[in-house]
Amino acid sequence: MFDSVGRIRERLLGATRGRPRPGDARPAGKPRGSGTGRAPNLFEAAAAYVAACAEDDQDGMEEAAGWVSPEALSFGVNELACRAVIALARERDESPRAVARALLGLPPA
């Protein structure tokens, strides 16, 4: 389990390589996560990025990482992780700390 967390961190930090810089022309076509034709927000980018990571979809990760800045993506992924842990804690009737440690394969504190 810990290895997958390391892979996600590595992908999060490394997926922004090759990302267009501000001022570069945006590629044609609308992003996969946006059905409205508007630019995806940081939460849409984070959801698409994490889902692509879970599915081991490198193209999806790279695409979602290009929608927002690396800082915004990091914030969105963090917010998604917090919300997921809270939801699982409520579902399991456990503390968020216990759920987070269990997800990472750590012994109970």
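**A walk through five helices**

Let's start at the end of the chain, where helices α4 and α5 sit roughly perpendicular to each other. Keep in mind as you look that this is a predicted model. The two axes are 8 Å apart, and the angle between them is about 110°. Angles from 65 to 115 degrees count as roughly perpendicular, so this pair gets that label.

What do the two helices bring to their meeting place? From α4 come V85, L88, A89 and R92, and they meet P96, V99, A100, A102 and L103 of α5. Sorted by class, that contact has eight nonpolar residues, no polar ones and one charged residue.

Now step back and take in the whole chain. How many helices and strands does the protein chain have? The count is five helices and zero strands, so reading along the sequence simply gives you α-α-α-α-α. The chain has 109 residues, and 26% of them are buried. As for the outside, the accessible surface is about 7,400 Å², with 56% of that belonging to carbon and sulfur atoms. There is also plenty of contact across the sequence: take the contacts between residues at least 6 apart, and 63% of them join residues at least 24 apart.

Back to α4, which spans residues 70-92 and has another partner in α2, residues 42-54. The axes of α2 and α4 come within 8 Å and cross at roughly 70°. That angle lies in the 65 to 115 degree range too, so α2 and α4 are also roughly perpendicular to each other. On the α2 side you can pick out L42, F43, A45, A46, A47, Y49 and V50, while α4 offers A72, L73, F75, G76, V77, E79 and L80. By class, this contact has 12 nonpolar residues, one polar and one charged.

Some of those names come back when you look inside. The largest nonpolar core has 13 residues, and the ones touching the most other members are A45, Y49, M61, W67, V68, L73 and V77. Which helices supply this core with at least two residues each? They are α2, α3 and α4. The biggest giver is α2, with five residues.

The loops between helices are worth a stop as well. N41 is in the loop between α1 and α2. Is N41 buried, exposed or something in between? With a relative accessible area of 38%, N41 is partly exposed. Although N41 and W67 are 26 residues apart along the chain, 7.8 Å separates their C-alpha atoms. You've met W67 already, as one of the well-connected residues of the core.

Two aspartates in other loops have an unusual backbone angle. Most residues other than glycine have a negative phi. D56, however, has a positive phi of about 55° without being a glycine, and you can find D56 in the loop between α2 and α3. D93 also has a positive phi, near 55°, and is likewise a residue other than glycine. Where is D93? Look in the loop between α4 and α5, which brings us back to the pair of helices we began with. The relative accessibility of D93 is 71%; anything over 50% counts as exposed, so D93 is exposed.

Notes: Residues are numbered from 1 along each chain as its sequence is written. This is a predicted model: local features need pLDDT of at least 70, side-chain atom pairs count only at pLDDT 80 or more; totals for chains, interfaces and linings use all residues. Side-chain values use heavy atoms; hydrogens and water are left out. Axes are lines fitted to C-alpha atoms, for helices over the stretch in contact, and angles run from 0 to 180 degrees between N-to-C directions. Helices (H or I, at least four residues) and strands (E, at least two) are DSSP runs, numbered from the N terminus. Angles under 35 degrees count as roughly parallel, over 145 as roughly antiparallel, 65 to 115 as roughly perpendicular and the rest as oblique. Contact means heavy atoms within 4.5 Å. Ala, Val, Leu, Ile, Met, Phe, Trp, Tyr, Cys and Pro count as nonpolar, Asp, Glu, Lys and Arg as charged, and the others, Gly among them, as polar. A nonpolar core is a set of buried Ala, Val, Leu, Ile, Met, Phe, Trp, Tyr and Cys residues joined through side-chain atoms within 4.5 Å. Buried means under 20% relative accessible area, exposed over 50%, partly exposed in between (1.4 Å probe, protein chains only). Accessible areas come from the Shrake-Rupley method with a 1.4 Å probe; for residues, only the protein chains shown count as cover.
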